[in-house]
Amino acid sequence: MKKDCKDCGAELTIPQDSMVGEIITCPDCGTDFEIISKNQESVEMKEAESVAEDWGQ
Amino acid sequence: MIRICIIYDKIRFEEKKIYNKIKEKGFDATLVDGKSLIFDTESSKHDPVFGDIILQRVISYYRGLHLTYCLEQTGLSVVNSYNVSEICGNKLITSMVLKKNNVPTPKTTFAFSTESARECMKNLGYPLVVKPIIGSWGRGIYQIKDQSMAEMLLETRQDNDNSFSRIYYFQELIDRPSRDIRCIVVGDEIVASVYRHSSENEWRTNVAMGGRTEEAPLTSQLQEIVLKASKAIGSGILGVDLMEDRERGYLVHEVNNTVEFRGASAVCKSDIAGAMTDYLVRRSTK
């Protein structure tokens, strides 16, 4: 599945097995997008939260 | 059927792996975005979305900690618990808890202002290691090699308005091989142990910093120390990190609460996600 980057317009490839909550990174501008819904025909994404100081494992 | 709820704020390799494993084993798995949850003082445990047991995999320490508190207050079982999460997420508390429970750990000193940090570094001498008390993936961890670097650190920290930037965590620099050990503990079982070799021109061993993993032998001594560390923290699903001091042997320097295991799963034969699933089933309230 393909989608255009909302920031730079580059083509994003959404892997078939991707899940809601996964992050897709634009190969051109590096913007991270979070998948918020997905079905056979379409995928919706929003800009992901940026890494915060308390992120980790 | 036992229902397992995974709370996340970003789906990584690990969340996907565990989710698929739960389903593969025939249990019900639900993924819930922690960012979408709302709680109030009247919240009850009857929301079926949370199932019989919750695996907390939120990547933001504070979001995860507070969500866990809310969930536990409604009577739900969360892995890891609030108490375990709080200890693991704060390096100062981790170090104190390890030492109090006689788990070998590097000597660590804490200071709570610019002036006391300056005095502290002068007394400890160089080189030494500074770490942020909150945070992960090796970020903000530096070797302070001399007085001028110490002053740079203090200036940088002063310019940072993060509340934790004025709390200083200084650790002795350990004489060790260019690797550390990550053990993944599930309950009272060590399901994987790997070396994490630091990459070229990098002393930190974090996989996020380019570290390379290799399966490590689980010696009886390593096993004993890791299980002791896990028990001291409160047990659950944990990543125990150790260094190999050339004189003192194993030293536990960190315990991770939402352990990442992509690197370990690539080199270990054990079924890490499967062991986690089995543990969650055992801990479920059903």
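Visitor: Among contacts in chain A between residues at least 6 apart in sequence, what share joins residues at least 24 apart?

Guide: The share is 13%. Two residues are in contact if their C-beta atoms, placed from the backbone, lie within 7 Å. This is a predicted model: local features need pLDDT of at least 70, side-chain atom pairs count only at pLDDT 80 or more, and totals for chains, interfaces and linings use all residues. Residues are numbered from 1 along each chain as its sequence is written, while chains are lettered from A and ligands numbered from 1 in the order in which they are written.

Visitor: What makes up the secondary structure of chain A?

Guide: Chain A has 0 helices and 5 strands. Along the sequence that reads β-β-β-β-β. The elements are DSSP runs, numbered from the N terminus: helices are H or I with at least four residues, strands are E with at least two. The C-alpha atoms of chain A fill a box of roughly 35 × 25 × 15 Å along the principal axes.

Visitor: Why is A:Met45 called buried or exposed?

Guide: Count its neighbours. A residue is buried if 20 or more other C-beta atoms lie within 10 Å of its own, exposed if 12 or fewer, and partly exposed in between; the C-beta atoms are placed from the backbone. A:Met45 has 21 such neighbours, so it is buried. A:Met45 sits in strand β5 (residues 43–47) of chain A. Leaving aside neighbours within four places in sequence, its contacts include A:Lys3, A:Ile24 and A:Phe33. Buried residues make up 18% of the 57 residues in chain A.

Visitor: How many residues of each chain are in contact where A touches B?

Guide: 10 residues of chain A are in contact with 20 residues of chain B. The chain A side divides into 4 nonpolar, 3 polar and 3 charged. Here Ala, Val, Leu, Ile, Met, Phe, Trp, Tyr, Cys and Pro count as nonpolar, Asp, Glu, Lys and Arg as charged, and the others, Gly among them, as polar.

Visitor: How do you know which strands pair with β1 or β3 in chain B?

Guide: Look for bridges. Two strands pair if DSSP finds at least two bridges between them. Strands β1 (residues 3–8) and β2 (residues 28–33) of chain B share 6 bridges, in the parallel sense. One bridge partner of note: B:Tyr8 faces B:Asp33 in β2(B). From β1(B) the chain passes through helix α1 (residues 13–24) to β2(B), in a right-handed β-α-β crossover. Right-handed says that, with the strands pointing away from the viewer, the path from the first strand over the helix to the second runs clockwise. Four strands of chain B form an open sheet in the order β2-β1-β3-β4, with parallel pairing.

Visitor: Why do β2 and β4 of chain B stand where they do in that sheet?

Guide: Each has a single partner strand, so one side of each is left without a neighbour in the sheet, and both stand at the edges. Strand β3 (residues 53–56) of chain B pairs with β4(B) over 2 bridges, and B:Ile54 stands opposite B:Val78 in β4(B).

Visitor: Which strands does helix α9 of chain B touch?

Guide: Helix α9 (residues 272–283) packs on the sheet, touching β1, β3 and β4 of chain B; its direction makes about 140° with that of β3(B). Axes are lines fitted to C-alpha atoms, for helices over the stretch in contact, and angles run from 0 to 180 degrees between N-to-C directions.

Visitor: What makes the span of α9(B) close to the expected one?

Guide: The expected span is 1.5 Å times one less than the number of residues. With 12 residues, α9(B) is expected to span 16 Å, and it reaches 17 Å from first C-alpha to last. Its buried residues include B:Ile272, B:Met276 and B:Leu280.

Visitor: Why is B:Asn102 called buried or exposed, and what of B:Ser235?

Guide: B:Asn102 has 9 other C-beta atoms within 10 Å, so it is exposed. B:Ser235 has 17, so it is partly exposed. Phi is near 60° for B:Asn102, a positive value in a residue other than glycine. For B:Ser235, also not glycine, phi is near 65°.

Visitor: Where are the cis peptide bonds of B:Asn80 and B:Pro127?

Guide: One joins B:Val79 and B:Asn80, with omega about 0°. Another joins B:Tyr126 and B:Pro127, with omega about 0°. B:Asn80 lies in the loop between β4 and α3 (82–89) of chain B. B:Pro127 lies in the loop between α5 (114–124) and β6 (128–131) of chain B.
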